[in-house]
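Welcome to this tour. Keep your viewer open and be ready to select residues as we go.

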Amino acid sequence: MKVLFKYGIKTYTGTLDEMTYGSYRDGSLCIGRKYVIPAETAQNASVAEISKNLATVYASCSAGYKADLKTYARKHEALVPAGKLAPNAYAIFVRMMYLFSELDSGHVDLASVSYADLQTIGADIASVADAVGSGYLPKVAGADALTAEM
């Protein structure tokens with residue numbers, strides 16, 4: 001349903017009082033609908049399990065590796081199209097891990113891989129420079145200097 005607000009408010013985006021509002025047409029139209037809690041699916045549970053595990057693995061990485069990922073993220077901004085949000089260091093790490101799992105299917109299960117496992121089987125992503133050289137991350141200028149080990 002189309003929503004009209006009082007007090008000069010044109011549109012609102014978010015959930016309030018069991019209603020979800022969306023702003024459209026550059027803030028000139030507001031549509032509201034009843035808030036519905038999404039049904040939990042096996043896919044949701046799988047993504048949640050993988051996300052929790054990758055957060056644990058990332059927390060175990062060395063401070064130097066995280067600093068190199070942040071440096072890489074700043075350099076990677078140049079590759080992002082105008083108007084798009086550039087990924088941060090953690091988002092780049094997650095993207096790299098998904099690609100690592102996809103290209104090495106059968107060996108890497110993101111829901112159960114540990115930091116110790118990556119020390120053993122993750123030579124291709126042991127550093128940001130290794131990940132770029134192996135094709136798990138896009139090439140950026142100066143990436144070969146980002147050699148801190150995971």
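Helices and strands here are DSSP runs: a helix has at least four residues, a strand at least two, and both are numbered from the N terminus. With that in hand, colour the model by secondary structure. It is a predicted model, and its chain holds five helices and three strands. Follow the chain along its sequence and you will pass through the pattern β-β-β-α-α-α-α-α.

**Stop 1: the whole chain**

Zoom out until everything fits in the window. The C-alpha atoms fill a box of roughly 60 × 35 × 25 Å along the principal axes. The radius of gyration of the chain is 21 Å, while a compact globule of 150 residues would have one near 15 Å.

Now switch on the surface. The chain exposes about 9,600 Å², and 55% of that comes from carbon and sulfur atoms. Of the 150 residues, 33% are buried. If you colour by charge, there are 14 positive and 15 negative charges to find, and their mean positions lie 16 Å apart.

How much of the contact network links residues 24 or more positions apart? Among contacts with a separation of 6 or more, such pairs account for 48%.

**Stop 2: the loop between E1 and E2**

Select residues 14-16 for strand E1 and 19-24 for strand E2, then look at Asp17 in the loop between them. Glu18 lies in this loop between E1 and E2 as well.

Is Asp17 buried or exposed? Its relative accessible area is 69%, and exposed means over 50%, so Asp17 counts as exposed. Glu18 is exposed too, at 64% relative accessibility.

Check the backbone angles while you are here. Asp17 has a positive phi, near 50°, and is a residue other than glycine. For Glu18, also not a glycine, phi is positive at about 60°.

**Stop 3: strand E3**

Move on to residues 29-34, which form strand E3, and pick out Ile31. This residue is partly exposed, with 36% relative accessibility. Draw a distance line from its C-alpha atom to that of Tyr21: the two residues are 10 apart along the chain, and the line should read 5.7 Å.

**Stop 4: helix H1**

Select residues 42-60 to bring up helix H1. Two of its residues deserve a click: Glu49 and Asn53.

Start with Glu49, which is partly exposed at a relative accessible area of 46%. Which residue, 62 places away along the chain, has its C-alpha atom 5.7 Å from that of Glu49? The partner is Ala111.

Next, click Asn53. Its relative accessible area is 15%, which is under the 20% cut-off, so Asn53 is buried. Leaving out residues up to four places away in sequence, Asn53 touches Leu110, Ala111, Ser112 and Val113. Show those four side by side with Asn53 to see the contacts.

**Stop 5: helix H2**

Helix H2 covers residues 63-76. Pick Gly64 in this helix, a partly exposed residue with a relative accessible area of 31%. The C-alpha atom of Gly64 is 9.1 Å from that of Leu146, although 82 residues separate the pair along the chain.

Then jump to His76, also in helix H2. His76 counts as buried, because its relative accessibility of 6% is under 20%. What is His76 in contact with, apart from its neighbours within four places in sequence? Select Pro87, Ile92, Arg95, Pro138 and Val140 to find out.

**Stop 6: helix H3**

One of those contacts of His76, Ile92, is also among the buried residues of helix H3, so leave it selected as we finish there. Helix H3 spans residues 89-103, 15 residues in total, and reaches 21 Å from its first C-alpha to its last, close to the 21 Å expected at 1.5 Å a residue.

Now show the side chains of the buried residues of H3: Ala89, Ile92, Phe93, Val94, Met96, Met97, Phe100 and Ser101. What covers them? The cover includes helices H1 and H2, which you have already visited, together with helix H4 (115-121) and helix H5 (128-134). Colour these four helices one by one around H3 to end the tour.

Notes
Residues numbered from 1 in each chain as written. Predicted model: local features only at pLDDT ≥ 70, side-chain atom pairs only at ≥ 80, totals over all residues. Heavy atoms only, no water. Rg over C-alpha atoms; globule rule 2.2 N^0.38 Å. Buried < 20%, exposed > 50% of the residue type's maximum accessible area, 1.4 Å probe, protein only. Contact = heavy atoms within 4.5 Å. Areas by Shrake-Rupley, 256 points an atom, 1.4 Å probe, with all protein chains shown as cover. Lys, Arg positive; Asp, Glu negative; His and termini not counted. Charge placed at Lys NZ, Arg CZ, Asp CG, Glu CD. Expected span 1.5 Å × (residues − 1).
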